[in-house]
Amino acid sequence: DIYLISDSTGETLERIFLAIKAQFKNFKYKTHFYSFTRTENQISKILKVSQKNNNVIVLYTIVDNKLARHLSNECSSKNIPCFGVLGDLIISFSKLLDQKALNVPSRQHIMDDEYYKKIEAIQFTMNHDDGNSVDDIEKSDIILLGVSRTSKTPTSIYLANKGFKVANIPLVANTLLPEELFGFKKPIIIGLIKDPRSLMQVRQTRLKMMGESNQTSYDDINHIKFEISQARLVFTKYAWPSIDVSRRSVEETSASVIKIYNTKGTSF
């Protein structure tokens with residue numbers, strides 16, 4: 001039983017635990033999630049519940065030093081393994097920066113300029129999904145191109161949540177690209193490609209979900225190979241970098257996009 005205890009939303013803690021558990025094949029667990037835990041009374045109630053279970057592990061992100069020590073001491077008295085995720089790092093940074101940490105919960109969620117920039121990026125990205133709008137496409141930070149089902153939309157949304165304004169445009173065989181794509185240095189244009197057979201399986205699943213049972217050119221392997229070959233030719237012709245998303249998660253694809261953006265962006 002994994003108890004995840006946070007004084008904020010718990011998003012950071014949840015991501016860290018997912019990274020930990022991914023390293024173990026045989027790890028059977030059940031999570032108990034407690035967000036906005038900011039009093040000793042709350043901690044006492046949580047640990048009282050935890051005593052009903054065996055093999056308990058506590059992970060926590062609590063920036064208030066007094067409250068963090070209380071949780072650690074209480075777990076120690078009950079022989080519960082307890083690990084603070086941020087505590088030692090905050091202390092180390094405090095020493096390196098030669099300043100005292102604020103120790104204020106939810107500081108990463110304050111509504112500052114960066115927060116509103118992210119909201120603006122998300123709105124822009126949603127408005128420019130799947131080629132819906134190209135009139136102001138030059139305001140994008142990144143433009144993603146790719147044939148159908150190459151994860152353009154989820155990758156765009158993930159990048160938007162990191163503050164990037166993203167437009168994505170589908171590549172359709174024998175269809176001209178929007179003229180708005182040409183003639184500017186910024187934004188960066190990146191192509192997404194996929195292994196034909198993998199793409200065929202994704203499209204077949206999509207058709208089944210839509211209630212379509214007859215094979216069409218959309219999920220025909222030969223037509224898909226043609227689409228991919230045409231996409232590669234386009235990316236080569238205009239010297240647009242491309243990423244093969246066949247065996248990549250959206251997070252991995254996005255990391256590659258950001259790496260290309262940071263590299264190319266130095267020339268702006």
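In the predicted model, helix α8 (residues 221-237) lies across strands β5, β7 and β8. The direction of helix α8 makes an angle of about 155° with that of β7. The sheet to which these strands belong is open and consists of four strands in the order β6-β5-β7-β8. Its pairing is parallel. The edges are occupied by β6 (166-170) and β8 (242-244), each of which has a single partner strand, so one side of each is left without a neighbour in the sheet. On average, neighbouring strands of this sheet are turned by 25° against each other, direction ignored.

In general, strands of a sheet pair through backbone hydrogen bonds, in either a parallel or an antiparallel manner. Within the sheet β6-β5-β7-β8, strand β5 (residues 142-146) and strand β7 (residues 188-193) pair in the parallel sense, and five bridges are found between them. Residue L144 stands opposite I190 of β7.

A further open sheet of four strands has the order β2-β1-β3-β4, and its pairing is parallel. Its edge strands are β2 and β4 (82-84), each of which pairs on one side only. Neighbouring strands of this sheet are turned by 15° against each other on average, again with direction ignored.

Two pairings illustrate how this sheet is built. Strand β1 (residues 2-6) is paired in the parallel sense with strand β2 (residues 31-34) over four bridges. In this pairing, Y3 has H32 of β2 as its bridge partner. The connection between these strands includes a helix: β1, helix α1 (residues 11-21) and β2 make a right-handed β-α-β unit. Strand β3 (residues 57-61) runs parallel to β4, to which three bridges join it. Here the bridge partner of Y60 is G84 in β4. Helix α3 (residues 65-77) packs on the sheet and touches β1, β3 and β4. The direction of helix α3 makes about 175° with that of β3.

Attention now turns to the packing of helices against one another. Two packed helices are described by the angle between their axes and the distance between the axes. Helix α3 also takes part in a contact of this kind, with helix α2 (residues 40-50): their axes come within 10 Å and cross at roughly 25°. Angles under 35 degrees count as roughly parallel, and α2 and α3 are therefore roughly parallel to each other. Their crossing is right-handed. Helix α2 contributes E40, I43, S44 and L47 to the contact, while α3 contributes K66, L67, H70, L71, E74 and C75. The residues of this contact divide into five nonpolar, two polar and three charged.

A second helix pair is formed by α5 (residues 113-127) and α6 (residues 152-160), which pack at an angle of about 160° with their axes 8 Å apart. Angles over 145 degrees count as roughly antiparallel, so α5 is described as roughly antiparallel to α6. The crossing of α5 and α6 is right-handed. On the side of α5, the contact is made by K118, A121, I122, T125 and M126, and on the side of α6 by S156, I157 and A160. The residues of the contact between α5 and α6 comprise five nonpolar, two polar and one charged.

Definitions and conventions
Residues numbered from 1 in each chain as written. Predicted model: local features only at pLDDT ≥ 70, side-chain atom pairs only at ≥ 80, totals over all residues. Heavy atoms only, no water. Axes fitted to C-alpha atoms, helices over the stretch in contact; angles between N-to-C directions. Parallel < 35°, antiparallel > 145°, perpendicular 65-115°, else oblique. Left-handed = near helix turned anticlockwise from the far one by under 90°. Contact = heavy atoms within 4.5 Å. Nonpolar A, V, L, I, M, F, W, Y, C, P; charged D, E, K, R; others polar. Pairing = 2+ DSSP bridges. Right-handed = clockwise from strand over helix to strand, strands pointing away.
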